[in-house]
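Please look over the sequence and the structure below before reading on. The paragraphs after them lead from the ligand to the surface.

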Amino acid sequence: MQIYLDHSATTPLHRDVAAAMAAAAQDWGNTSSLHRWGERSLEVIERSRQRVMQLLGATQGQVVFTSGGTESNNLAILGIARRYLTPQHLVISAIEHAAVAEPVRWLEQHGWAVTRLPVDTLGRVAPQDLQQSLRPNTVLVSVIYAHNEVGTIQDVAKLGHICRTAGVCFHTDAVQAVGRVPVDVSRLPVDLLSFSAHKFYGPQGMGGLYVADGIALVPLHFGGGQEGGLRSGTPAVGLIAGLGQAAHLARETMLQEGDRLGALRDRLRQLLAAVPELVPTGDWQQRLPHHLSFCHPTLAGRRLVWAMNLAGIAMSSGSACSSGQVKPSATLLAMGYDPTAASGGIRLSLGWDTTVADVDWAALALVQAIARLRGES
Ligand SMILES: Cc1ncc(COP(=O)(O)O)c(C=O)c1O
């Protein structure tokens, strides 16, 4: 039996997405061409853009297609920073994904001042900390919307409101949130918001950035001026068609699917209560519906992932993008866990085809794996 419980790392392509991409393979014209081949491709990408706009509550001219969450985050951060000739001040949280933390670290190495906001034990940024961190030369705040590793959803409305009142640009990495929970930019005080197709059954290598009206960015690269000049290069029509279909599906099914997965998540959490030392991490009230995370006080998360892999079950330790590393999780350290516990983080993330039987089987396998590894230690 194979059970995939690592949907926060990536999701399988939905069959309707694969079908939309296959259909778009017929539309291989260059969108810049003036003939009908080009027109057809342009139609495909503009239909997809409409679907993404509907998912996000965005309007015309506000959605830029990119190669995914990493590029969107880099475009947001470096795109703002490059407007300034001299280093300014930036604010991020202490638990950002590497796709935010690393471009910010690069800016820091080039003279920018950076404040990293602390988080509480549930992984939440305190609005008053953000308020106090702002300086006259703060030009950007970036706080992750929903956390990849611990599932916590921030109070983005409150954080964004503080920035808007102060006249500071606010970016949020919503890669784990978009397609999973309702995100409506028409009601949120955000200026820039990143998303990625492969987190909600779309293709890998495809994503986008919401850019509010009036927010000027300097592009990461220069060329033919596609995507309103923000992302030069011939658009990947097939991938964009896949993103559009995934956005359409997400809009239609997100609420119902969120309820179903939320119930499965709670069931799995209850079953894992059989292992009292397995401590739930993150905020279980304001949380992604498909996401569970725990830490074990003595067993390394990687050992648990290997044991579960042998049992045919996929999960992850810490964040998928850093699971090649042996270091304790920076997120769990920032949340106040000691280094041993911060090495014992695991994440199980559910998806479209997860069933009650899967959850029950995974819980049993994990309880047994922990008992066995404890005996070996
Ligand atoms: C919160 C977050 N931001 C950014 C990314 C990077 O997105 P992509 O894989 O589309 O580059 C990920 C991927 O794991 C993520 O979880």
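What follows is a short walk through this structure, beginning with the ligand.

This is a predicted model, in which local features need pLDDT of at least 70 and side-chain atom pairs count only at pLDDT 80 or more, while totals for chains, interfaces and linings use all residues. Residues are numbered from 1 along each chain as its sequence is written, and side-chain values use heavy atoms, with hydrogens and water left out.

The ligand is surrounded by 14 residues (each with a heavy atom within 4 Å of it), of which Gly69, Thr70, Asp173, Ser196 and Lys199 are the closest. By class, this shell holds three nonpolar, nine polar and two charged residues, where Ala, Val, Leu, Ile, Met, Phe, Trp, Tyr, Cys and Pro count as nonpolar, Asp, Glu, Lys and Arg as charged, and the others, Gly among them, as polar. Helix H3 (residues 69-81) gives the largest share of the shell, three residues; helices here are DSSP runs of H or I with at least four residues, and strands are runs of E with at least two, numbered from the N terminus.

Oxygen atoms of the ligand take part in polar contacts, which are pairs of N or O atoms within 3.5 Å. A side-chain N or O atom of serine 196 lies 2.6 Å from a ligand oxygen, a backbone N or O atom of glycine 69 lies 2.8 Å from one, and a polar side-chain atom of histidine 198 lies 2.9 Å from one. Taken alone, the ligand exposes 390 Å² (Shrake-Rupley method, 1.4 Å probe), and the protein buries 89% of that.

Turning to the protein surface, methionine 1 sits in the segment before strand S1 (3-4), and methionine 1 counts as exposed because its relative accessible area is 59%, where exposed means over 50%.

Key
Polar contact = N/O pair within 3.5 Å; in protein donor to acceptor, adjacent residues only side chain to side chain. Buried < 20%, exposed > 50% of the residue type's maximum accessible area, 1.4 Å probe, protein only.
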